[in-house]
Amino acid sequence: PCALGVALPLLDDRASAKMQAYGVYIREGSLWAKLRHVKVLLFDKTGTVTLETLQLVNFKDIQLLSPRAQVALLHLVKRSLHPAAACLREVLLAQGVEIVESGGKVQEIPGMGLLGESPDGVWRLGRASWAVPGAEGEGSVFSFNEEKIAHFYFREELRPDAAAQMARFKSAGFPVFLLSGDETSRVRTMGQALGLPVNHVFGGLSPEGKAALVRERWRGQALMLGDGANDSLAFDAALCRGTPAVDAGLLEHKSDFYLLGRGLEGLGMLFAAAKNRRRTAALVFSFAIIYNLLAVSAALSGWMNPLMAAVIMPLSSLISIGLVLVGFRVSSSTGH
């Protein structure tokens, strides 16, 4: 028991340190046990399989806005953590638009967009049908009192290794599903680029719809990677969860791990590390059982004496620690 009390925490520390080299930071120690039960992988789209930063396609439409509309738009996006809002904020600030603190209250409606109230009316930025009833299309619509002012389109960039990692997950026996609130056609295009079957791609989902899908189809067996407020309910329904958005303050307190960097390699290595951790832990437990059987047998046979006990007890701890240091290092390199 003393040896295990030293070796197993050391094993967790070794596994966590190994993962940090791949941009994965373990937040909850219970993650290792949960990973054993993961059968499917669920990904949000924007900011998860794509990079966090977006590019505005119709840049000139910002310049065509009236000064009043530009100020109102900047007021809407100035504190939002959504990638589309962050992109518009950078463009507006680069144009010299100044932030106005007294522009009224702004609400972020998960899965819909941003709503700002002013004495003159209501400004909206987000899903087309929400900003302007009956409107359609991709991107984000900017409206005042439900009348369209501008329609912004963004270009997303896949993470460099996203398609390759999806193929690796599939070959390892993990079905991958893409869940998004964006237009279904747009999400399917992204799914095609990732090599996912059409029936593994779900678009146009509300936050409640995402959560319901996770509960109904993958209860107790899904790992989800998401980055925004619209993933919060689905996070609650998933077995374990991670986020690449550690500075967003939305999902980081719910996440079991953080995934940093531009690629998804760390997620694949997380499963390899979990497998190797289980293997090393089994090795340590096996040694502990053998040690105790031999020690008890020696005691019952009358061979045990104080000197022998004083030697073998610390020796067992050193051997257990050695198994962790050597065993996990060898198995990790093999897993990689």
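Let me start with a helix contact in this predicted model. On one side we have Gln70, Leu73, Leu74 and Val77 in α5, and they meet Ala85, Leu88, Arg89, Leu92 and Leu93 in α6. Sorted by type, the residues of this contact are seven nonpolar, one polar and one charged.

How do the two helices lie? Helix α5 covers residues 67–77 and helix α6 covers residues 83–94; their axes come within 9 Å and cross at roughly 135°. That angle makes α5 oblique to α6. The crossing of α5 and α6 is left-handed.

Now to a sheet that α5 also touches. This is an open sheet of five strands, in the order β4-β5-β6-β7-β8, and the pairing is antiparallel. Which strands stand at its edges? They are β4, residues 106–109, and β8, residues 147–152. Each has a single partner strand, so one side of each is left without a neighbour in the sheet. From one strand to the next, the twist averages 15°.

Inside this sheet, look at β5 and β6. Strand β5, residues 113–117, pairs with strand β6, residues 122–126, in the antiparallel sense over five bridges. For one of the residues, glutamate 117, the bridge partner in β6 is valine 122. Helix α5 packs on the sheet, where it touches β4, β5, β6, β7 (140–144) and β8. The direction of α5 makes about 65° with that of β6. So α5 has come up twice: it meets α6, and it packs on this sheet.

Next, another sheet. Here the sheet is open with seven strands, ordered β1-β14-β13-β12-β2-β10-β11, and the pairing is mixed. At the edges stand β1 (24–26) and β11 (201–202). With a single partner strand each, β1 and β11 both have one side left without a neighbour in the sheet. As a reminder, strands of a sheet pair through backbone hydrogen bonds, either parallel or antiparallel. One parallel case here is strand β2, residues 40–43, with strand β10, residues 176–179; three bridges join them. Phenylalanine 43 stands opposite leucine 178 in β10.

Last, the whole chain. How many helices and strands does the protein chain have? There are 13 helices and 14 strands. The radius of gyration is 26 Å, well over the 20 Å that the globule rule gives for 336 residues, so the chain is more spread out than a compact globule. Taken along the principal axes, the C-alpha atoms fill a box of roughly 95 × 40 × 30 Å.

Technical notes. Residues are numbered from 1 along each chain as its sequence is written. This is a predicted model: local features need pLDDT of at least 70, side-chain atom pairs count only at pLDDT 80 or more; totals for chains, interfaces and linings use all residues. Side-chain values use heavy atoms; hydrogens and water are left out. Two strands pair if DSSP finds at least two bridges between them. Helices (H or I, at least four residues) and strands (E, at least two) are DSSP runs, numbered from the N terminus. Axes are lines fitted to C-alpha atoms, for helices over the stretch in contact, and angles run from 0 to 180 degrees between N-to-C directions. Angles under 35 degrees count as roughly parallel, over 145 as roughly antiparallel, 65 to 115 as roughly perpendicular and the rest as oblique. A crossing is left-handed if the near helix is turned anticlockwise from the far one by less than a right angle, and right-handed if clockwise. Contact means heavy atoms within 4.5 Å. Ala, Val, Leu, Ile, Met, Phe, Trp, Tyr, Cys and Pro count as nonpolar, Asp, Glu, Lys and Arg as charged, and the others, Gly among them, as polar. The radius of gyration is taken over C-alpha atoms; the globule rule is 2.2 Å times the number of residues to the power 0.38.
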